[in-house]
Amino acid sequence: MSEYRCTWWEDTGRHAPTDEHGISRCIYRSLDTGEETAQLPIGALFSAGSGPKGPDDLSIVCVIPREGPRGTTWWHIDSRCSNCTKPDDKEHRCWVRHGTVGQTIHVDKNGNTCSAGAGSIAVPGFHGFLHHGVLRDC
């Protein structure tokens, strides 16, 4: 079973040089160490400038493993899940996020939620939970 300790990062507002595909990625800074990178590690958490927002009016993203050439994808924790049972209800959360920037994040179904799943995230090559600041597969 794989486990990844979640760490908080912030967007520096700067971009890395353009790569061979013509893409210039954002540079992020670790809130723990000050390290800067354009390739966020699995378990990285950050507040996105756009996207679905949680009750703290922030859109929190977690970098998770995924099959494919990049090996990772972004989980927008405050978004709707693909199997949501209340798609017209704008007040509920498919994933209930506990915690905010700089805090230990825990995601579950404890709150105003739908009956889809048990609070896990599933993408090709990964199915797991974010509990008490640790992302682990199940």
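**Entry 1. Strands β3 and β4**

I began with the pairing of β3 and β4 in this predicted model. The two strands run antiparallel and are held by two bridges. I then looked up the position of Y28 and found T37 of β4 as its bridge partner.

**Entry 2. Strand β2 and its partners**

I next followed β2, which spans residues 7–15. Towards β3 (residues 26–30), I found four bridges in the antiparallel sense. Within this pairing, I noted that E10 is bridged to R29 of β3. I then turned to β5, residues 44–48, which runs parallel to β2 and is joined to it by two bridges. Here I recorded W8 opposite L45 of β5. I keep in mind that strands of a sheet pair through backbone hydrogen bonds, whether parallel or antiparallel.

**Entry 3. The six-stranded sheet**

I asked in what order the strands of this sheet lie. Reading across, I obtained β4-β3-β2-β5-β6-β7, an open sheet of six strands with mixed pairing. I identified its edge strands as β4 (36–37) and β7 (72–76), each of which pairs on one side only. The antiparallel pairing of β2 with β3 and the parallel pairing of β2 with β5 both belong to the stretch I had already examined.

**Entry 4. The four-stranded sheet**

I then examined an open sheet of four strands, ordered β1-β12-β11-β10, in which the pairing is antiparallel. Its edges are β1 (3–5) and β10, and each of these pairs on one side only. I noted an average turn of 20 degrees between neighbouring strands of this sheet, with direction ignored. For the pairing of β11 with β12 (residues 134–137), I counted four bridges in the antiparallel sense. G128 has D137 of β12 as its bridge partner.

**Entry 5. Nonpolar cores**

I looked for the largest nonpolar core and found that it has 21 residues. Those with the most contacts inside it are L45, C62, I64, W75, I77, W95 and L130. Which elements give two or more residues to this core? I listed β6 (59–65), β10 (121–123) and β11 (126–131). Of these, β6 gives the most, with three residues.

I took I77 as a case to follow in detail. Leaving aside residues up to four places away in sequence, I found that I77 touches L45, I60, C62, W95, R97, V107 and L130. L45, which I had met opposite W8, thus appears again among the contacts of I77.

I also recorded a second, separate core of eight residues, which includes W9, F46, A48 and V61.

**Entry 6. Positive phi values in two loops**

I checked the backbone for unusual angles, bearing in mind that most residues other than glycine have a negative phi. D57 has a phi near 65 degrees, a positive value in a residue other than glycine. I placed D57 in the loop between β5 and β6. Is D57 buried or exposed? Its relative accessibility is 53%, so I entered D57 as exposed, the cut-off for exposed being over 50%.

H132 was the next residue I checked, with a phi near 50 degrees, again positive in a residue other than glycine. I located H132 in the loop between β11 and β12, the strands I had found joined by four bridges. I entered H132 as exposed because its relative accessible area is 61%.

Definitions and conventions: Residues are numbered from 1 along each chain as its sequence is written. This is a predicted model: local features need pLDDT of at least 70, side-chain atom pairs count only at pLDDT 80 or more; totals for chains, interfaces and linings use all residues. Side-chain values use heavy atoms; hydrogens and water are left out. Two strands pair if DSSP finds at least two bridges between them. A nonpolar core is a set of buried Ala, Val, Leu, Ile, Met, Phe, Trp, Tyr and Cys residues joined through side-chain atoms within 4.5 Å. Buried means under 20% relative accessible area, exposed over 50%, partly exposed in between (1.4 Å probe, protein chains only). Contact means heavy atoms within 4.5 Å. Axes are lines fitted to C-alpha atoms, for helices over the stretch in contact, and angles run from 0 to 180 degrees between N-to-C directions.
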